[in-house]
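Q: Could you walk me through the reasoning behind some labels on this model, one step at a time?

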Amino acid sequence: MKSLTEYLTFEVKTRRAFVNITSDVRKLVTKSKIQEGLCLVNAMHITASIFINDNEGGLLHDYEKWLEELAPHAPTTHYDHNNTGEDNADAHLKRQIMGREVVVAITNGELDFGPWEEIFYGEFDGKRPKRVLVKIIGE
(Lines give C-alpha, C1' and ligand atoms only; values in the text may rest on other atoms or scores of the structure.)
Protein backbone atom coordinates (compact mmCIF):
# COMPACT_ATOMS: atom_id res chain seq x y z
CA MET A 1 0.00 0.00 0.00
CA LYS A 2 1.17 3.51 -0.85
CA SER A 3 0.52 6.66 1.16
CA LEU A 4 0.99 10.41 0.98
CA THR A 5 0.86 12.82 3.89
CA GLU A 6 0.69 16.57 3.27
CA TYR A 7 -0.32 19.61 5.30
CA LEU A 8 -2.23 22.63 4.06
CA THR A 9 -1.93 25.87 6.02
CA PHE A 10 -4.63 28.51 6.25
CA GLU A 11 -4.67 31.93 7.84
CA VAL A 12 -7.95 33.64 7.09
CA LYS A 13 -8.17 37.38 7.67
CA THR A 14 -11.53 37.21 9.45
CA ARG A 15 -12.74 35.46 12.59
CA ARG A 16 -14.96 33.10 10.55
CA ALA A 17 -14.72 31.93 6.96
CA PHE A 18 -15.39 28.99 4.67
CA VAL A 19 -12.66 28.04 2.16
CA ASN A 20 -13.26 25.60 -0.68
CA ILE A 21 -10.20 23.31 -0.63
CA THR A 22 -11.38 20.76 -3.21
CA SER A 23 -8.80 21.76 -5.83
CA ASP A 24 -5.97 21.57 -3.26
CA VAL A 25 -7.03 18.05 -2.27
CA ARG A 26 -7.43 16.97 -5.91
CA LYS A 27 -3.85 18.07 -6.63
CA LEU A 28 -2.62 15.94 -3.75
CA VAL A 29 -4.57 12.91 -4.99
CA THR A 30 -2.87 13.35 -8.37
CA LYS A 31 0.52 13.75 -6.69
CA SER A 32 -0.04 10.54 -4.69
CA LYS A 33 -0.55 8.48 -7.88
CA ILE A 34 -3.02 6.36 -5.92
CA GLN A 35 -5.75 4.92 -8.13
CA GLU A 36 -7.92 3.15 -5.54
CA GLY A 37 -7.96 4.20 -1.91
CA LEU A 38 -9.08 6.72 0.66
CA CYS A 39 -8.35 10.38 1.28
CA LEU A 40 -8.63 11.71 4.83
CA VAL A 41 -8.86 15.49 5.27
CA ASN A 42 -8.60 16.57 8.91
CA ALA A 43 -8.70 19.98 10.60
CA MET A 44 -5.87 19.91 13.11
CA HIS A 45 -7.24 22.68 15.32
CA ILE A 46 -10.15 22.54 17.74
CA THR A 47 -11.67 25.75 16.38
CA ALA A 48 -11.70 24.74 12.70
CA SER A 49 -13.65 22.19 10.69
CA ILE A 50 -13.63 20.14 7.52
CA PHE A 51 -16.94 19.29 5.85
CA ILE A 52 -18.45 18.35 2.50
CA ASN A 53 -21.34 20.18 0.89
CA ASP A 54 -22.47 22.23 -2.10
CA ASN A 55 -20.32 25.19 -3.18
CA GLU A 56 -23.24 27.60 -3.27
CA GLY A 57 -22.88 31.07 -1.75
CA GLY A 58 -26.38 31.16 -0.30
CA LEU A 59 -25.81 27.88 1.52
CA LEU A 60 -22.50 29.06 2.96
CA HIS A 61 -24.19 32.26 4.15
CA ASP A 62 -26.98 30.13 5.69
CA TYR A 63 -24.34 28.11 7.57
CA GLU A 64 -22.87 31.33 8.92
CA LYS A 65 -26.27 32.55 10.18
CA TRP A 66 -27.31 29.14 11.53
CA LEU A 67 -24.07 28.57 13.43
CA GLU A 68 -24.19 32.05 14.93
CA GLU A 69 -27.75 31.40 16.12
CA LEU A 70 -26.74 28.06 17.68
CA ALA A 71 -23.53 29.34 19.29
CA PRO A 72 -23.35 33.14 19.19
CA HIS A 73 -19.95 34.71 19.74
CA ALA A 74 -21.35 37.42 22.02
CA PRO A 75 -21.81 37.87 24.82
CA THR A 76 -18.52 36.14 25.50
CA THR A 77 -19.36 36.08 29.22
CA HIS A 78 -22.09 33.54 28.40
CA TYR A 79 -19.48 30.74 28.16
CA ASP A 80 -17.52 29.21 31.04
CA HIS A 81 -14.64 28.38 28.67
CA ASN A 82 -14.04 32.08 28.16
CA ASN A 83 -13.25 32.45 31.88
CA THR A 84 -9.79 31.13 30.92
CA GLY A 85 -9.04 34.48 29.25
CA GLU A 86 -10.03 33.38 25.75
CA ASP A 87 -13.04 34.52 23.77
CA ASN A 88 -13.47 31.53 21.46
CA ALA A 89 -15.87 29.16 23.21
CA ASP A 90 -18.35 29.62 20.37
CA ALA A 91 -15.67 28.48 17.88
CA HIS A 92 -15.24 25.19 19.73
CA LEU A 93 -18.99 24.57 19.63
CA LYS A 94 -19.24 25.47 15.93
CA ARG A 95 -16.42 23.06 15.13
CA GLN A 96 -18.22 20.30 17.02
CA ILE A 97 -21.33 20.83 14.90
CA MET A 98 -19.51 21.02 11.54
CA GLY A 99 -17.09 18.17 12.18
CA ARG A 100 -13.41 17.44 12.39
CA GLU A 101 -12.71 15.50 9.20
CA VAL A 102 -13.98 13.83 6.08
CA VAL A 103 -12.94 10.69 4.23
CA VAL A 104 -13.47 10.51 0.47
CA ALA A 105 -13.00 7.42 -1.67
CA ILE A 106 -10.50 7.54 -4.51
CA THR A 107 -11.63 5.68 -7.62
CA ASN A 108 -9.63 5.61 -10.84
CA GLY A 109 -7.24 8.19 -9.41
CA GLU A 110 -9.93 10.77 -8.59
CA LEU A 111 -12.01 11.85 -5.61
CA ASP A 112 -15.26 9.87 -5.87
CA PHE A 113 -17.84 12.53 -5.02
CA GLY A 114 -21.60 12.59 -5.31
CA PRO A 115 -23.28 15.39 -7.27
CA TRP A 116 -22.30 18.89 -6.10
CA GLU A 117 -20.02 17.64 -3.31
CA GLU A 118 -16.93 19.69 -2.50
CA ILE A 119 -14.60 19.89 0.50
CA PHE A 120 -14.54 22.97 2.73
CA TYR A 121 -12.32 24.26 5.49
CA GLY A 122 -14.43 26.05 8.10
CA GLU A 123 -12.66 28.61 10.25
CA PHE A 124 -14.34 29.79 13.45
CA ASP A 125 -11.47 31.56 15.26
CA GLY A 126 -9.23 32.90 12.52
CA LYS A 127 -6.50 35.46 12.05
CA ARG A 128 -3.74 32.94 12.79
CA PRO A 129 -2.16 30.04 10.90
CA LYS A 130 -3.82 26.64 11.16
CA ARG A 131 -3.05 23.31 9.53
CA VAL A 132 -5.12 20.71 7.71
CA LEU A 133 -3.83 17.16 7.34
CA VAL A 134 -4.39 15.34 4.06
CA LYS A 135 -3.56 11.62 4.29
CA ILE A 136 -4.04 9.49 1.19
CA ILE A 137 -3.69 5.71 1.27
CA GLY A 138 -4.27 3.00 -1.29
CA GLU A 139 -2.84 1.36 -4.39
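A: Gladly! This is a predicted model, and a good place to begin is Lys-130, which has 1% relative accessibility. Buried means under 20%, so Lys-130 counts as buried.

Q: What makes the contact of Lys-130 with Glu-123 a salt bridge?

A: The closest N and O atoms of Lys-130 and Glu-123 are 2.7 Å apart. The cut-off is within 4 Å, for a side-chain nitrogen of Lys or Arg and a carboxyl oxygen of Asp or Glu, so this pair qualifies as a salt bridge. Glu-123 counts as buried too, at 1% relative accessibility.

Q: How do you know that Asp-90 and Arg-15 form a salt bridge?

A: The same kind of check applies. Their closest N and O atoms are 3.5 Å apart, and the limit is within 4 Å, so the label fits.

Q: Why can this pair be said to tie together separate parts of the chain?

A: Asp-90 sits in helix α3 (residues 89-98), while Arg-15 belongs to the loop between β1 (2-10) and β2 (17-20), so the bridge joins parts that are 75 residues apart in sequence. As for exposure, Asp-90 has 0% relative accessibility and therefore counts as buried.

Q: What makes Arg-16 and Glu-68 a salt bridge, and why are both called partly exposed?

A: The closest N and O atoms of Arg-16 and Glu-68 are 3.5 Å apart, which again satisfies the requirement of within 4 Å. Arg-16 is in the loop between β1 and β2 and Glu-68 is in helix α2 (residues 57-70), so this bridge links parts 52 residues apart in sequence. Partly exposed lies between under 20% and over 50%; Arg-16 has 24% relative accessibility and Glu-68 has 23%, so both receive that label.

Q: Which residues are linked with Arg-15 and Arg-16 in a network?

A: Glu-64, Glu-68, Asp-87, Asp-90, Lys-94, Asp-125 and Arg-128 are linked with them through salt bridges. A search of the whole structure finds 11 salt bridges.

Q: Where are the buried residues of helix α1, and how do you know which side they are on?

A: In helix α1 (residues 22-32), the buried residues are Thr-22, Val-25, Leu-28, Val-29 and Ser-32. Around the axis they cover an arc of only 125 degrees, so they lie on the same side of α1. Lys-27 and Thr-30 are exposed on the other side.

Q: What phi does Lys-33 take just after α1?

A: Lys-33 takes a positive phi of about 65 degrees there.

Terms used: Residues are numbered from 1 along each chain as its sequence is written. This is a predicted model: local features need pLDDT of at least 70, side-chain atom pairs count only at pLDDT 80 or more; totals for chains, interfaces and linings use all residues. Side-chain values use heavy atoms; hydrogens and water are left out. Helices (H or I, at least four residues) and strands (E, at least two) are DSSP runs, numbered from the N terminus. Buried means under 20% relative accessible area, exposed over 50%, partly exposed in between (1.4 Å probe, protein chains only). The arc is that of the directions from the helix axis to the C-beta atoms.
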